[in-house]
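This note is addressed to a colleague who is meeting the structure for the first time. Please read the numbered points alongside the display below.

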Amino acid sequence: MESSSDIGWTRALAGLDDNEVRRIERCLGVREVPARTPIFHQGDPAGELFIVRSGRVRLIRRMESGEEFTSGVWSEGYLIGLISAFLGEPRFLAAESLEQTSLRVLRSTELHACMQAVPRFALNIAHLLALLASDSIRRAAPLALESVEAKLGRVLVKLAEADPSGTTHVVRGITQDELGSMVGASRPWVNRALAAFERRGLLRRDKQQILLLDIAACRRLWTD
C-alpha cells in the first residue's frame with residue numbers, strides 16, 4: 001500500500017517528457033536553510049511548496065496547550081507543504097530543518113500554471129494529494145490511541161539513516177530533549193525508554209548517536 005513516504009518529486013514528474021520536465025523545473029528556486037531553523041510556522045500563509053534536495057526536515061503540529069508532536073521527518077526528494085500550497089490555505093503544520101538543508105521552491109502560482117500547462121503533471125499532483133489524504137485518514141485513529149513509547153519508536157525509525165555498511169541504521173545529531181519534544185515527553189522519560197529499548201536488543205546508544213540494530217524489526221514494531 002502506498003503511504004506518505006511515497007510523496008516524492010519523482011512521483012510528480014512521472015510520465016512527463018523531457019520538455020515538460022524542463023518547463024516545470026525552470027520554475028523552481030533554491031533556498032538554503034541552516035540547521036535547526038524554521039522553514040515555515042504553523043498558521044503562516046502558504047505561498048509555495050518545498051522539495052528537499054539534501055538534509056532533513058521535521059514537520060510539527062503544535063497544540064494550544066503548548067505540546068508539540070512530530071508528524072514526520074523527511075529527507076531528499078520529499079514534497080513539503082503540498083496541500084497548503086495547492087489550496088492557498090494557512091499552514092496547518094510547522095517545518096524546521098534538523099541539519100543544514102537545501103530546498104527547491106515552487107510558488108503556488110507556478111504550481112497552478114504548470115498544472116494547467118502539463119495535464120499529466122496535474123494528474124500526478126492530484127494523485128499525491130489523494131495519497132496524502134488517504135494516509136492521514138488511515139493513520140488518524142491509531143495515532144490517537146498510540147502510546148508515547150510507540151511514538152518514540154516511530155520517531156527513531158523516521159530519523160534513522162543507514163550507515164555506510166548498510167548493516168545498521170543510525171540516529172545522529174538529536175538530543176534526548178529534542179526527542180522528548182517530538183513525542184510530548186520529558187528528557188528523563190526518554191532516557192528510561194531508550195534504556196528499555198536497549199535491554200530488549202532493539203538499539204544501542206553510543207556517544208552522540210543511537211544505533212537501531214534491526215531496522216526491519218523496529219519498523220514492524222513501531223510503524224506497520
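How much accessible surface does the chain have, and what share of it belongs to carbon and sulfur atoms?

1. The accessible surface of the chain is about 11500 Å², and carbon and sulfur atoms hold 52% of that area. Accessible areas are obtained by the Shrake-Rupley method with a 1.4 Å probe, and for residues only the protein chains shown count as cover.

2. The basis of the note should be stated early. This is a predicted model, in which local features need pLDDT of at least 70 and side-chain atom pairs count only at pLDDT 80 or more, whereas totals for chains, interfaces and linings use all residues. Residues are numbered from 1 along each chain as its sequence is written, and side-chain values use heavy atoms, with hydrogens and water left out.

3. As to overall dimensions, the C-alpha atoms fill a box of roughly 55 × 45 × 35 Å along the principal axes. The radius of gyration of the chain is 18 Å, which agrees with the value near 17 Å for a compact globule of 224 residues. The radius is taken over C-alpha atoms, and the globule rule is 2.2 Å times the number of residues to the power 0.38.

4. The chain has nine helices and 12 strands. Both are DSSP runs numbered from the N terminus: helices are H or I with at least four residues, and strands are E with at least two. Among contacts in the chain with a separation of 6 or more, 70% join residues 24 or more positions apart; a contact means heavy atoms within 4.5 Å.

5. Of the 224 residues, 44% count as buried. Buried means under 20% relative accessible area, exposed means over 50%, and partly exposed lies in between (1.4 Å probe, protein chains only).

6. The chain has 30 positive and 28 negative charges, and their mean positions are 2 Å apart. Lys and Arg count as positive and Asp and Glu as negative, while His and the chain ends are not counted. Each charge is placed at NZ of Lys, CZ of Arg, CG of Asp or CD of Glu.

7. How many disulfides does a search of the whole structure find? The search finds zero, a disulfide being a pair of cysteine sulfur atoms within 2.5 Å. For Cys114, which is in no disulfide, the nearest cysteine sulfur is that of Cys27, 3.8 Å away. Cys114 is buried at a relative accessible area of 0%, and Cys218 is likewise buried, with a value of 0%.

8. Strand β8 (residues 101–107) contains Ser102. This serine is buried, at 6% relative accessible area. Beyond its neighbours within four places in sequence, Ser102 is in contact with Val30, Arg31, Glu32, Ile51, Val52, Arg53 and Ser54.

9. Strand β5 (residues 68–74) holds Ser71, and Gly72 is found in strand β5 too. Ser71 is partly exposed at 25%, whereas Gly72 is buried at 2%. Residues up to four places away in sequence aside, Gly72 touches Val57, Arg58 and Leu59. The C-alpha atoms of Gly72 and Leu159 are 8.9 Å apart, with their places 87 residues apart in sequence. For Ser71 and Arg154, the separation is 83 residues in sequence and 10 Å from C-alpha to C-alpha.

10. Is Asn124, in helix α5, buried or exposed? Asn124 belongs to helix α5 (residues 119–145) and is buried, with a relative accessible area of 8%. Its contacts, leaving aside neighbours within four places in sequence, are Arg11, Ala12, Leu13, Ala14 and Leu16. Ala130 also lies in helix α5, but is partly exposed at 46% relative accessibility.

11. Arg204 is in strand β11 (residues 203–206) and counts as partly exposed, at 40% relative accessibility. Apart from neighbours within four places in sequence, Arg204 is in contact with Glu198, Gln209, Ile210, Leu211 and Leu213. Its C-alpha atom is 9.6 Å from that of Val170, which is 34 residues away along the chain.

12. A final point concerns backbone geometry. Arg36 has a positive phi of about 55° although it is not a glycine. Arg36 is located in the loop between β1 (29–33) and β2 (38–40), and is partly exposed at 39% relative accessibility.
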